[in-house]
Number of protein chains: 2
Amino acid sequence: MSDISLPPALDRLARLLGRLPGVGERSAHRLALFVLGQEPDYAHALGVSLAELHDLVRFCRDCHHFAEGQRCVICADPRRDCALLCVVEDVPDLLAIERCAEYRGLYHVLGGALSPLRGVGPRELTFDHLIARLDVLQPEELIVATSISVEGEATASYLQNLLRGRAVRLTRIASGVPQGTDLEYLDQATLGRALRARLPFGRG
Amino acid sequence: MSDISLPPALDRLARLLGRLPGVGERSAHRLALFVLGQEPDYAHALGVSLAELHDLVRFCRDCHHFAEGQRCVICADPRRDCALLCVVEDVPDLLAIERCAEYRGLYHVLGGALSPLRGVGPRELTFDHLIARLDVLQPEELIVATSISVEGEATASYLQNLLRGRAVRLTRIASGVPQGTDLEYLDQATLGRALRARLPFGRG
């Protein structure tokens, strides 16, 4: 909604900021006034950064992560372990895995999860490219890190069928009780899954 | 903090967005990825809006609200009641009063509240201009709508002394129990103030 008590330039900025996720009308006003209260350098830097964004950033030709140039910083890093390939749904998932600093292999970004209801079938995702990449990379292990949800599980099953008979060890990220969670408050599905997937715990 | 797993253009944008109030590192990533996921038109429009902001927006020469051109949309509106002048600390306070749609007079934005600790004395605020404006406007009533806080009250007292002997009715916004609040959970200062400021409630 347009605010007639603001000058048009400020109102225009507030309405554009209001389209960002999690930014309501009041927050948009607050953000616009904050930017106006900063040195003009900040607004200019942000403006330039936004204007050049779509020209500079594209998909990595190898893994479909975002990249400047043909390959992303991960695929271009010779220290990454090419024997490990981790399949994720999207870039935020990749960033989350990078943040936990447990993984030093490569990635493959599918571009989403299978979802017949939303019209996302195998052709909408990067499965074909994944198969072609496996032939070239010949990794030892492929970690399926799609989400633990109906759609993520469907996508994982599809991959399982697709790769049947290939000389690659297929693994799936563990699902179970998250750290710091009291069993009492955990949903039944997760607890049931954690019980079924129980691990040996004997001495030695 | 810079994220080395993002392409530089996206990381640059995320770091700039991370300087906005209430936007942490993860939110900044999320916002940057959201913008990248939209049509380029959106990023361009936001970029242009930011780049032109400081060139287009200045202070209203009359009330110190933000304006494009010399006077703000409120001062330039002939339907506003010139007999009423409302003094506020800053623009967000003005916008809050506009939103409640109870007030159709003019404003005067002080630019803050008196605060010796933060080095804000009378000379840092727009009191001199307010006095000059009173001589021209000759309003019937001046509503002091500075905040109900130590600094807001000090500013209100200063105004009270400054305007002593002038032919203008001075009023202060009411302070008391906010709507929908249970007395049990209200702070002592507010409740004490509401008791001291009690109003006649007799029949007729």
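This is a dialogue on reading a predicted model with two chains, A and B.

Visitor: Where do I start with two copies? What rotation superposes chain A on chain B?

Guide: A rotation of 180 degrees does it, with 0.0 Å of shift along its axis. The RMSD is 0.0 Å. The two copies are thus related as by a two-fold rotation axis.

Visitor: Which C-alpha of chain A is nearest the axis?

Guide: That of A:G47, at 1.9 Å from the axis. Then look at the surface used: 100% of the contact residues of chain A recur in chain B, so the same surface serves both copies.

Visitor: How is the size of an interface given?

Guide: Often as the accessible area lost when the parts come together. Here the area buried between chain A and chain B is about 4,900 Å². Carbon and sulfur atoms give 72% of that area. By contacts, 52 residues of chain A meet 52 residues of chain B.

Visitor: Which three residues supply more of the area that chain A buries than any other three?

Guide: A:L36, A:L50 and A:H54. Together they supply 13% of what chain A buries against chain B.

Visitor: How many salt bridges are there between chain A and chain B?

Guide: The count is 2. In one salt bridge, B:R12 pairs with A:E52, and the closest N and O atoms are 2.7 Å apart.

Visitor: Now single residues. Where is A:L6, and what does it touch?

Guide: A:L6 is in the segment before α1 (8–17) of chain A. Buried means under 20% relative accessible area. A:L6 has 4%, so it counts as buried. Leaving out residues up to four places away in sequence, A:L6 touches A:D11 and A:H29 in chain A, and B:H65, B:V73 and B:L95 in chain B. A:H29 is 23 residues from A:L6 along the chain, and their C-alpha atoms are separated by 9.3 Å.

Visitor: Is A:S5 buried or exposed?

Guide: Buried, at 5% relative accessibility. A:S5 is also in the segment before α1 of chain A. Beyond its neighbours within four places in sequence, A:S5 is in contact with B:H65, B:V73, B:I74, B:L95 and B:E98.

Visitor: B:E98 has come up. What salt bridge does B:E98 form?

Guide: One with B:R80, the closest N and O atoms being 2.8 Å apart. This pair links distant parts of the chain, 18 residues apart. B:E98 is in helix α4 (residues 91–100) of chain B. B:R80 is in the loop between β2 (66–68) and β3 (81–88) of chain B. Both B:E98 and B:R80 are buried.

Visitor: Which other salt bridges show how burial can be read? For instance, what does B:R79 meet?

Guide: The side chain of B:R79 meets that of B:D77 at 3.1 Å, N to O. B:R79 is exposed, at 66% relative accessible area. B:D77 is buried, at 16%. Now take B:D62 and B:R61, with closest N and O atoms 3.4 Å apart. B:D62 is buried at 18%. B:R61 is partly exposed at 47%.

Visitor: Which residues are linked in a network in chain A, and how many salt bridges are there over all chains?

Guide: A:R61, A:D62 and A:R71 are linked in a network of salt bridges. Over all chains the count comes to 22.

Visitor: Now the sheet. How do strands of a sheet pair?

Guide: Through backbone hydrogen bonds, either parallel or antiparallel. In chain A, 4 strands form an open sheet in the order β4-β3-β5-β6, with parallel pairing. The edge strands are β4 (105–109) and β6 (169–172) of chain A, and each pairs on one side only. The twist averages 25 degrees from one strand to the next.

Visitor: How many bridges join β5 to β6 in chain A?

Guide: Strand β5 (residues 141–144) of chain A is joined to β6(A) by 4 bridges. To find the register, note that A:I143 stands opposite A:T171 in β6(A).

Visitor: Which strands does helix α6 of chain A touch?

Guide: Helix α6 (residues 150–162) of chain A touches β3, β5 and β6 of chain A as it packs on the sheet. Its direction makes about 170 degrees with that of β6(A).

Visitor: And where does helix α4 of chain A lie?

Guide: Helix α4 (residues 91–99) of chain A lies across β3 (81–88) and β4 of chain A. Helix α4 runs at about 160 degrees to β4(A).

How values were computed:
Residues numbered from 1 in each chain as written. Chains lettered and ligands numbered in written order. Predicted model: local features only at pLDDT ≥ 70, side-chain atom pairs only at ≥ 80, totals over all residues. Heavy atoms only, no water. Salt bridge = Lys/Arg side-chain N within 4 Å of Asp/Glu carboxyl O. Buried < 20%, exposed > 50% of the residue type's maximum accessible area, 1.4 Å probe, protein only. Helix = DSSP H or I, 4+ residues; strand = E, 2+ residues; numbered from the N terminus. Least-squares fit on C-alpha atoms with pLDDT ≥ 70 in both. Contact = heavy atoms within 4.5 Å. Pairing = 2+ DSSP bridges. Axes fitted to C-alpha atoms, helices over the stretch in contact; angles between N-to-C directions. Buried area = accessible area lost by both parts, 1.4 Å probe.
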